[in-house]
Amino acid sequence: MDDCCTYKSFICEAPANCREIRIHFSYSPYIVGEFRNLISLALFDPLVFRGWVYPFEDGRDLIISSQTASDGFISNPITEGEWNLFVAIPALISEEPCTLTLEVEFVLAGVSDSLAKKLEFQNCLSDKSGWYRGELHTHTVHSDGQWKGAELVEAAKERGLDFLMVTDHNTISGWEDVLTTAKDDILIVPGVEITSFYGHALALGVEHWIDCRIGWEEWTMNDAALAVREERGCFLVAHPLAEGRPYCAGCRWEYPEFDMSLADGIEVWNALWTDVTLNNDQSLLLWEDYRKKGYKLTATSGCDVHDADAWKDGTPYSFVYSETLSRKEIIEGIRDGKVVISSGPWLNIKSAEGVDTKPTIIGDTLIVEKDKLVLVVQYDNVLTESWLVLKKNFQELVRILVVGSGQIEREIPIYETAQITVELRTSDNTLLALTNPVHALVQG
Ligand SMILES: [Zn+2]
Ligand SMILES: [Zn+2]
């Protein structure tokens, strides 16, 4: 009671190079009879006022950084020096003691928080579930792309893309331009291409810079992949078998020590399928090999857009099945393997029983009760006669000539477990479309 209508000041020292301050603030009891105790919290950094939360509600943890700030607080860099946590106690009702808990954590940045300005990320653009078409790998003038962010967004809109991932080499400074231009016409998924001496990887759906200095002070590619995971992003190995040195230093993935279980996928189709410098066919085999070994990696595509030449006849898009058109769900769709890659024709897999109800089973694990599975493969927009190739455990089961649109039904024998994929190929074996696997397990 004696503390009612008083202030208390707690000084904390913010170390240098701090990214974020997290404060846990609570007190008990809140409610006393029909009234409540009321304690509020203000914050001052070494120089200026940073906010005040009043009234305070139970169960709220406060976060303040240059990127974000809890309601009542101002987003700006965390300045080194004395921070003042300033408690105001407008009301203490009861005679019984009221206990205040105040915990402060300063989160060090490395140099991970290089943007002082707060960016406005988009919210959900559509709450419809369905297949969304997008590009996972692009560059702007912030790295070696030719387009400004605004030009990249306009080009993507012209192509009718639902989402666009921006992945400049080792920097995120292009996000602001892209986000500002996109408005709500196209979903922007911020990313960065971790561009190391021994391989490239896409960090997608992150909201902060991921430390790209692989090899510096014991920071490894594994650490970078873990950092992406902490941000609930998606880590994809980019163009793993592209020509390396001296043609393209660092472009080939040379991390035998990398823990592939930390990755979410592999870019198996980069730019044109037939581009000999990229070895897409070998990348596809590499991905299949990892899948056979049990790694749950998604096959993805990327045009590695640097200029207006990137998108052309024959280059692929990734279609992601998602519950909504939002960053979070698109990223989840990729992680879950709900991806079809195509340069035009459409492929989808359904189970025969659920053909009218479930939009797709790609990426799903099906528990089957007997030793066979009946699948329906749908195709559409096949412009010239092409081979529809059904694979079980990445071995060809059957190859059927198809054209136009239609569907085929197939009974597939399953012993214990199987991964089913479908490809569409031209007569000279150029890939036109590819599904990620349907995983089937025989019960018991
Ligand atoms: Zn690259
Ligand atoms: Zn790239």
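**Note on a predicted three-domain model**

1. In helix α3, which runs over residues 221–230, the buried residues are M221, A224, A225, A227 and V228. Seen down the axis of α3, these buried residues fall within an arc of 155°, so they line one face of the helix. That set of buried residues packs against three strands, namely β12 (187–196), β13 (199–204) and β14 (234–237). Just after the helix, R232 takes a positive phi of about 60°. It should be kept in mind throughout that this is a predicted model.

2. Turning to the overall layout, the secondary structure of the protein comes to five helices and 25 strands, and the C-alpha trace spans about 85 × 55 × 40 Å along its principal axes. The protein is divided into domain 1 (6–108), domain 2 (119–343) and domain 3 (346–444), and the centres of domain 1 and domain 3, taken over C-alpha atoms, are separated by 56 Å.

3. As for burial and contacts, 39% of the 444 residues count as buried. Among the contacts between residues at least 6 apart in sequence, 70% join residues at least 24 apart.

4. Which residues touch the most other members of the largest nonpolar core? Within this core of 81 residues, they are A201, A203, L204, I210 and L236. Strand β21 (residues 372–392) gives the core its largest share, which is six residues. Because domain 2 (119–343) and domain 3 (346–444) both give residues to this core, it lies between them. In soluble globular proteins, nonpolar side chains tend to be buried together.

5. A201 is worth following in more detail. Leaving aside its neighbours within four places in sequence, A201 is in contact with I194, M221, F235, L236, V237 and A238; M221 is also one of the buried residues of α3. A second, separate core has 11 residues, among them F25, I64, A69 and F73.

6. Strand β5 (residues 38–44) shows how side chains can alternate along a strand, since I39, L41 and L43 point to one face and are buried, while L38, S40, A42 and F44 point to the other and are not. This strand pairs with β6 (residues 49–53) in the antiparallel sense over four bridges, and the two strands form a hairpin with four residues between them. A42, from the face of β5 that is not buried, stands opposite W52 in β6.

Definitions and conventions
Residues numbered from 1 in each chain as written. Chains lettered and ligands numbered in written order. Predicted model: local features only at pLDDT ≥ 70, side-chain atom pairs only at ≥ 80, totals over all residues. Buried ≥ 20, exposed ≤ 12 C-beta atoms within 10 Å, placed from the backbone. Arc of directions from axis to C-beta. Contact = placed C-beta atoms within 7 Å. Domains from an automatic or database assignment. Pairing = 2+ DSSP bridges. Core = buried A, V, L, I, M, F, W, Y, C linked by C-beta atoms within 7 Å.
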